[in-house]
Amino acid sequence: MREEHMTGRKIGFIGLGNMGGPMAANLAKAGHTVKGFDLSAEAVKAAEEVGASAAASAVEAAQDADVVITMLPAGKHVIAVWSELLDAVRPGTLLIDSSTIDVDSARKAHALAEEKGCLSIDAPVSGGTGGAKAGTLTFMAGGSAEAFEAAKPVLEAMGRAIFHCGEAGNGQAAKMCNNLILGISMAGVCEAFALAEKVGLDPQALFDVASVSSGQCWSLTTYCPVPGPVPTSPANNGYKAGFSTALMLKDLNLARTAAETSSSELPMGERAAALYSEFDALGHGGDDFSAIIKLLRGDVTGEAT
Ligand code: NAD
């Protein structure tokens with residue numbers, strides 16, 4: 001597979017939502033032949049408009065493909081779709097799952113592929129819908145070196161940074177641990193800004209100091225949760241997501257599941273998950289996750305902004 005052309009591959013793409021739609025478009029733009037399927041007819045139509053052809057089922061999308069990519073909501077969807085299409089693909093077909101799912105399901109999916117003599121990688125992404133559209137996603141992949149080498153040129157049409165994190169499931173593990181850091185660090189930054197306001201410290205002054213001191217982190221310097229210091233952060237745009245509270249909660253819950261199955265403790269992760277969960281339950285699941293500062297200030301209401 002390594003010696004084959006980098007473009008002009010036949011790709012089946014299943015799950016053409018907010019992320020999958022633009023990813024499929026970038027594959028078509030790069031010269032691949034993309035056949036897409038989604039349960040939503042609207043999503044399939046949108047993919048057709050950006051260069052993919054429509055399949056009537058996941059099996060049809062995968063049948064003649066060299067590569068099959070899934071971009072689905074959760075582990076149960078990936079297992080169901082892979083189980084169905086693995087009966088239809090040729091042995092040696094490469095399966096790539098870019099959904100964010102639990103590590104155990106990812107490893108189960110790899111085992112299904114191996115049974116059928118297929119190559120597989122889990123390759124979740126970061127970079128959001130903006131990165132999916134721009135083709136600048138970061139991929140973190142788990143699977144054999146052979147599968148990773150085969151997948152890399154395909155992933156390069158959709159992303160900018162591509163990491164091999166180890167064996168099956170380790171892409172999901174890397175994504176989960178990164179987002180655990182993110183969820184906790186954002187809650188910490190928000191807590192500090194809320195306290196600064198209460199004691200009369202100007203948010204810009206806190207930013208100026210902390211951004212060049214030991215409190216420095218991505219949640220502060222790239223995604224500052226108060227308006228002003230970082231003009232591109234969602235705080236300057238009514239906390240329009242960005243990365244929604246609901247998706248952050250999903251990722252923290254994946255970490256909680258992994259902690260349970262690996263007998264680990266997540267004292268900070270549990271607390272962060274409880275905060276995002278409370279904010280979500282108050283109707284703010286669609287707000288950017290940095291809007292959690294409202295909850296930490298104690299000025300959140302039951303209505304979404
Ligand atoms: P989405 O809900 O917009 O898209 C998911 C699509 O999958 C939908 O169109 C749905 O109809 C389709 N689908 C569900 N079950 C299906 C099935 N059995 N067969 C065919 N299609 C099916 O979600 P999204 O934002 O595109 O996210 C997809 C994945 O990417 C999720 O795992 C999410 O956690 C992850 N992710 C999202 C973002 C983001 O910013 N949106 C960022 C990084 C990772």
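Q: What makes the approach of a ligand oxygen atom to the side chain of Asp 38 a polar contact?
A: In this predicted model, an oxygen atom of the ligand is 2.6 Å from an N or O atom in that side chain. A polar contact is a pair of N or O atoms within 3.5 Å, so this pair counts. Residues are numbered from 1 along each chain as its sequence is written. Local features need pLDDT of at least 70, side-chain atom pairs need 80 or more, totals for chains, interfaces and linings use all residues, and side-chain values use heavy atoms, without hydrogens or water.

Q: Which backbone atoms also lie by a ligand oxygen atom?
A: A polar backbone atom of Leu 72 is 2.8 Å from one, and a backbone N or O atom of Thr 100 is 3.0 Å from one. Alone, the ligand exposes 830 Å² (Shrake-Rupley, 1.4 Å probe), and the protein buries 82% of that.

Q: How many residues surround the ligand?
A: There are 22 (a heavy atom within 4 Å), with Asn 18, Met 19, Asp 38, Leu 72 and Lys 250 the closest.

Q: Why is the ligand said to lie between domain 1 and domain 2?
A: Both domain 1 (2-166) and domain 2 (173-297), with bounds from an automatic or database assignment, give residues to its shell, so the ligand lies between them.

Methods:
Polar contact = N/O pair within 3.5 Å; in protein donor to acceptor, adjacent residues only side chain to side chain.
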